[in-house]
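Please find below my note on the structure you sent, set out point by point for discussion at the bench.

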Amino acid sequence: MEQAKRRRPFVAGLLSFLVPGLGQVYNGRLRKGFLFFLVGCVLDIVPSAWGWAADFRGFVLTILVLPTVFRIVAAAEAFWQARRVREIKLRSYDRWYVYVSAIVVALGLGFLGASVLGTGGLEFGRIPAASMLPTLEVGDYYMMDTGSYLNRQPGRGDIVVFEAPGARPKDFIKRVIGLPGERIEIKDKVVFINDTRLEEPYVIHLHEASFPAQAITRDNMGPAVIPEEHVFVMGDNRDYSHDSRFFGPVPWESIAGKALYIFWAKDRSRIGTRLD
């Protein structure tokens, strides 16, 4: 004989906030619970798959705001439904450990998906050094698109994250200056591409002295031709950057992705600044 038992509104609301639809299942509304769960999955997957989070405002809206609002709506619906339902006949799954297991599995799958796939190919990064001043400051958090170069090569001006050969930390972030097949030369801190001066409004120089190439390749270098499927990268803080002037051009396969925008910064006015 099936046992009847009252539903607790707080429990129903909490279950649906943690896993949309679970509180409805707790209330005995299986179809409604499945519908809420399905909509929650769509809100988690579609914005990432369609690239809506590639823009800072899009990220905040589709990854942070909409799912949270939906969870609140699902929790409120489950809460008020539980208040209206006096008693329900308990099913075989109406055990506390079943609901706890469902929460653990759902959250585990969510974390696994985020770690394996990222947020639709998006990953966070933090700036550890001052080599990209003034564009990026120490402590800034940026969003990177790991799928930027699946179907195209890096472009001049792109800020890329890559693995530098024999360097620590492994993940460097620099700006693409030279492209495959181009002839690059540096004369007294000025970059020339194919004998044409490169205009670089983003660059700062904090050291007035200019050293000859025989002493250090920081201020004078080349000319040199960039190999195919490689890019020449440099930091915007030109006098204090360890980059391609020292370790050479970076192969495409070493590039993890393109930095899109500043996600968090001490100076709140810089949050959301695009890095292009």
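The points that follow go from the whole chain to its strands and then to a single residue.

1. The model is a predicted one, and its secondary structure amounts to 6 helices and 13 strands. The radius of gyration is 26 Å, well over the 19 Å that the globule rule gives for 276 residues, so the protein is more spread out than a compact globule. Along the principal axes, the C-alpha atoms fill a box of roughly 90 × 35 × 30 Å.

2. On burial and contacts, 43% of the 276 residues are buried. Of the contacts between residues at least 6 apart in sequence, 61% join residues that are at least 24 apart.

3. Turning to the surface, the accessible area of the protein comes to about 15,500 Å², and carbon and sulfur atoms account for 61% of that area. The side chains include 34 positive and 29 negative ones, and the centres of these two sets lie 16 Å apart.

4. One open sheet is built from 4 strands in the order 9-8-7-10, with antiparallel pairing. Its edges are strand 9 (196-197) and strand 10 (221-225), each of which pairs on one side only. Strand 7, covering residues 183-187, pairs with strand 10 in the antiparallel sense over 3 bridges, and R183 stands opposite V225 of strand 10.

5. Strand 4 (141-145) deserves a separate paragraph, and it is mostly covered, with 4 of its 5 residues buried. Strand 3 runs antiparallel to strand 4 and is joined to it by 5 bridges; within this pairing, G125 stands opposite Y142 of strand 4. Strand 4 also pairs with strand 13 (residues 255-264), again in the antiparallel sense and over 5 bridges, and the bridge partner of Y141 in strand 13 is W264.

6. Where in the chain is S131 found? It is in the loop between strand 3 (122-126) and strand 4 (141-145), that is, between two strands that are themselves joined by 5 bridges in the antiparallel sense.

7. Is S131 buried or exposed? The relative accessible area of S131 is 12%, which is under the 20% cut-off, and S131 therefore counts as buried. Leaving aside residues up to four places away in sequence, S131 touches I173 and K174, and also G235, D236, N237, Y240 and S241.

Definitions and conventions. Residues numbered from 1 in each chain as written. Predicted model: local features only at pLDDT ≥ 70, side-chain atom pairs only at ≥ 80, totals over all residues. Heavy atoms only, no water. Rg over C-alpha atoms; globule rule 2.2 N^0.38 Å. Buried < 20%, exposed > 50% of the residue type's maximum accessible area, 1.4 Å probe, protein only. Contact = heavy atoms within 4.5 Å. Areas by Shrake-Rupley, 256 points an atom, 1.4 Å probe, with all protein chains shown as cover. Lys, Arg positive; Asp, Glu negative; His and termini not counted. Charge placed at Lys NZ, Arg CZ, Asp CG, Glu CD. Pairing = 2+ DSSP bridges.
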